Amino acid sequence: MQPTGVLDTAKATNPLKDLLKFGQSVWLDYIRRDLITSGELKRLIQGDGLRGMTSNPAIFEKAIAGSTDYADILASLKDRPDLDAKARYEIIAIRDIQDVADLLRPVYDESHRRDGYVSLEVSPYLARDTQGTLEEARRLWKSVDRRNVMIKVPGTAEGIPAFEQLISEGININVTLLFSQEVYQRVAEAYVRGVEKFYAAGGDVGRIASVASFFISRIDNSVDAELSALLKSGKSGDEQKLKSLQGKIAIANGKLAYQRYLNIFSGALWDKLRSKGAQTQRVLWASTSTKNPAYPDILYVQEMIGPDTVNTIPPATFDAFRDHGKPRETLTEGVDEAKLVMQNLAQTGISIDRITDKLTVDGVRLFEEAFDKLLAAVEKSTQGETTPKISLQSSKLPDALAKQVAQNVNDWRAAGKVRQLWQRDASLWTNGDESQWLGWLDVAEKQSECKEKFQQLAQEIRSEKFSDIFLLGMGGSSLCPEVLAKTFGHIEGFPKLNVLDSTDPAQVKAFEKKIDLAKTLFIVSSKSGSTLEPNIFKQYFFERVKETIGPEKAGSRFIAITDPDSKLEAEATADKFRHIFHGVPSIGGRYSALSNFGIVPAAVMGLDVAKFLDRTEEMVEACAAAVPVEKNPGVMLGIILGTAAKAGRDKVTIITSPAISDLGAWLEQLLAESTGKQSKGLVPVDREELAASACYGSDRIFAYLRFEEAPDSAQDEKVAALEKAGNPVVRISVNDTYDLGQEFFRWEIATAVAGSIIGINAFNQPDVEASKIETRKLTTEYEKAGSLPPEKPFFEQGGIKLFADPKNASAVGSGNLGGRLRAHLARIQPGDYFALLAYVEMNPTHEARLQEIRLAIRDAKQVATCLGFGPRFLHSTGQAYKGGPNSGVFLQITCDDANDLQVPGQKYTFGVVKAAQARGDFQVLADRGRRALRVHLGKNVELGLSELLTIVAEALA
């Protein structure tokens, strides 16, 4: 969970503050030490009208495990063997709760004890123990010793009697884990009885405060799953009726619970207590973040606004409502419709009582699991492991660069820019549409809350005994799954994950030969649902599966991952796909690793998704807004990279230990597509073998991701030599493969920060779109005319042809093939980079020849070199090549296809699509004034590459 920031003073009104006009108090569902000590909490109270806070074991565990916030107090407790982990936790928690209560005390006083509260939870282990709950609640109340604290008690059958007794003793209580209207009513009635007893005993009822925490979004998660199962079964009858209920039950359930509140706290009995100063027990809406990406991000705030209520909002939703909330009284609207919705649900055979009972049981279990992890984190700290459980990061920079980095660190600190980032403030970049593309900031937390869904999916797929999973995607939808597949390998008991992201017909056919179509599950992954490559992959393999197992069963072998209401979703629905998972519209493809585009493939290939996300959240905490800039790993990495780029060190050379080597391909896309535009940006250099320090110019910065379980000693020696020679090096220690999620998040934060410093929109990709447009023109022409527009080489020798636009053709002069290549390579100047763009099958033999060509040029010209296989690099480094610094010299390699494959339903073939992509790519390079030459080989690609290597070597001699 993330702390949030305050409203930009340039905005005229603040929707969060305006909630109070409609009788609703806004509380924050978050706590950590830095939020208190940094002054952030005070700013939230003053700037956003924050009126209370809630905490729970999961929040504390992430703060302890993912930060150094508690290092001081944990260190001071090392020599206290008399304290067990729970006692040490309580010391930590009580300090925070007391400090928050003190900061909120003015709100408590100004609101006449209505607001200004912070909650502390009794141990979830006591959820079924009435007496134990009573004893612990009394002890915590006494220990915190603040009038404006509430002790959290679960709304279980055993917790409700404890709650009533505690109220009768004058202790403020937050009753949590309420899902059912009937259980809520029992809680509210218990509150009235408790107040009566307290009054009868001579107590001042005006000082008793309580809230009933009624959970919202989890209801829809559960009900929607059952509705989807009914729809999928085809036995539901009224399909439209079922669809109309999706996303409606949680709000209807909450509105009807509120009607019970209005009835209970009215009439003669309550009027008597009110006359003595008693306050109603307000309904507090909890679990109000949106989990389903198809629903608006502020749905469960916007639709639950009404008098005498509280909404405790997680930080990301808090920021979102500040940004685009529209406060009005919605809670009392549509009450009759809410009743009808609940009636219609009952008619489907889905029991809301069964669902809410299960949610209560699950809620207790989840809090127990979180408490287990919390105590484990505290226990480890006792053994001296007080550092956060994140992959450590360090840097060694030349003095001049280090000074510039320090200046930017000071700027980010003074201007509160980390807070702006978490606030989704577009002015941090270009003041364009950036705020609409930051959904990745809190997606790990949301995915963690849905971990059971992924576990169920994994078991479902495992039980089907599939041998393989075949992911069909491109760019952001394929690179993260490829990293996971290559890093984790084939996990025993689960199908093997394969990733296809090439339109090269030889590669498509080679992948098909590796699998048994009858035992393979296909995942079609496309954010927009209209990306050319995944669409034609789907067309081809859907037909092949129909031919293999029959059209009736084909859909059951396919899963779609796509944004809501996309063309792919409509097609997947029509073809009766096994599952459709949604992407988050506010997350761009390259930032989508932790969304369903990465986590669904992770689950079906057998990763422990809960563990993976849990580790990731530790990095999220370490990068939080309240963390000081110099301690924030993602922000510091971004400041270093952005500062280096502006200082001319814009070639980010990625060094990865062999066990995690494929991470570089994901980083290439993230850095290049995010920052390479407006003639600025970072040029990532991946898979370039390390050389002696003398081979590198002053345009490089090195990032070494060292896998601690299996480091490469040769890499260690070479990196140490680079540092000794004065090259800037950032080191990141990756402790475990399950820490890859931490790297995804660290680098996403870093890329956003670097983009801010460079001065670009880090979330668009204008030049990628330009290539797509050129490709679309050519494929459309083929559909009309049956052929691509004719083209003629400007030179040909020995079966190798050269193509270029007139300007580039003129620049390589005359003479034989070697002379023309020599002239092209002579265009490389110090500070430039050279890129091989190979539209050939991606296999070890081809890569080995291309690497030889690349390294020969690197060593001869002493420039950075890049190697990409087309068309996959179009959705990756292609943006930087066309839109970034005009310092690239490009050699595009195409070939004749020995065998082609027809795309079902189209005139064109895979080979035609690949040719159109290459030609579109080159056209945009030429349009952007890039130094580019295209070399076209024959059908024997291996022979052609060997000949090209010989010619290049001669040209460099």
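# Group meeting talk: a walk through a predicted model

Let's start with a tryptophan, W440. Leaving aside residues up to four places away in sequence, W440 touches I587, Y591, F745, E748, I749, A752 and F763. Please keep in mind that this is a predicted model. Where does W440 sit? You'll find W440 in the loop between helix 19, residues 417-422, and helix 20, residues 443-449. Is W440 buried or exposed? Its relative accessible area is 0%, so W440 is buried. For a sense of distance, take S25, which is 415 residues from W440 along the chain: the C-alpha atoms of the two are separated by 27 Å.

Next, the nonpolar cores. The largest one has 128 residues, and M53 and Y184 have the most contacts inside it. Which helix gives the largest share of this core? That is helix 6, residues 85-110, with eleven residues. Now zoom in on M53. Not counting residues up to four places away in sequence, M53 touches a list of residues including W27, L28, Y30, V100, L104 and Y117. Apart from the largest core lies another one, of 100 residues, and A458, F488, F581 and F707 are among them.

Let's move to helix 8, residues 159-168. How many of its ten residues are buried? Eight are, so the helix is mostly covered. Among the buried ones are G159, I160, F163, L166 and I167, and you will also find E164 and S168 there. What covers them? The cover includes helix 7 (130-144), strand 4 (149-154), strand 5 (173-178), helix 9 (181-200) and strand 6 (210-215). After helix 8 comes G170, with a positive phi near 85°.

Now for the aromatic rings. Searching the whole structure gives 36 aromatic pairs. One of them is F522 with F558, which is stacked, at 4.9 Å centre to centre and with 15° between the planes. Why is this pair nice to look at along the chain? F522 belongs to strand 12 (residues 520-525) and F558 to strand 13 (residues 558-562), so the pair ties together parts that are 36 residues apart in sequence. Both F522 and F558 are buried. Compare that picture with Y696 and F702: their ring centres are 5.0 Å apart and their planes stand at 75°, so this pair is edge-to-face. Y696 has a relative accessible area of 9% and is buried, and F702 is buried as well, at 0%.

Back to F522 and F558 for a moment: they belong to one aromatic cluster, together with F470, F511, F537, Y540, F541, F542, F577 and F910. Two lysines come in here. K514 lies over the face of F511, 4.2 Å from the ring centre, while K538 lies over the face of F542, at 4.4 Å from the ring centre.

On to a sheet. This is an open sheet of six strands with mixed pairing, in the order 19-20-24-23-21-22. Which strands stand at the edges? They are strand 19 (795-797) and strand 22 (864-869); each has a single partner strand, so one side of each is left without a neighbour in the sheet. On average, neighbouring strands here are turned by 20° against each other, direction ignored. Inside the sheet, strand 23 (residues 888-895) and strand 24 (residues 931-937) run parallel and are joined by seven bridges. If you look at V889, you will see R931 of strand 24 opposite.

Helices pack here too. Helix 35, residues 817-825, packs on the sheet and touches strands 19, 20, 21, 23 and 24, with its direction at about 150° to that of strand 24. Helix 38, residues 910-927, lies across strands 20, 21, 23 and 24, and runs at about 160° to strand 23.

Finally, some backbone oddities. Most residues other than glycine have a negative phi, and most peptide bonds are trans. H112, though not a glycine, has a positive phi of about 55°. H112 is in the loop between helix 6 and strand 3 (117-121), and with a relative accessible area of 66% it is exposed. R687 also has a positive phi, near 60°; R687 lies in the loop between strand 16 (683-685) and strand 17 (700-707) and is partly exposed, at 29%. And which peptide bond is cis? The one from G870 to P871 is, with omega near 5°. P871 is in the loop between strand 22 and helix 37 (878-883).

Thanks for listening!

How values were computed
Residues numbered from 1 in each chain as written. Predicted model: local features only at pLDDT ≥ 70, side-chain atom pairs only at ≥ 80, totals over all residues. Heavy atoms only, no water. Buried < 20%, exposed > 50% of the residue type's maximum accessible area, 1.4 Å probe, protein only. Helix = DSSP H or I, 4+ residues; strand = E, 2+ residues; numbered from the N terminus. Contact = heavy atoms within 4.5 Å. Phe/Tyr/Trp six-rings, centres within 6.5 Å; stacked < 30°, edge-to-face > 60°. Lys NZ or Arg CZ within 6 Å of the ring centre and 35° of its normal. Core = buried A, V, L, I, M, F, W, Y, C linked by side-chain atoms within 4.5 Å. Pairing = 2+ DSSP bridges. Axes fitted to C-alpha atoms, helices over the stretch in contact; angles between N-to-C directions.
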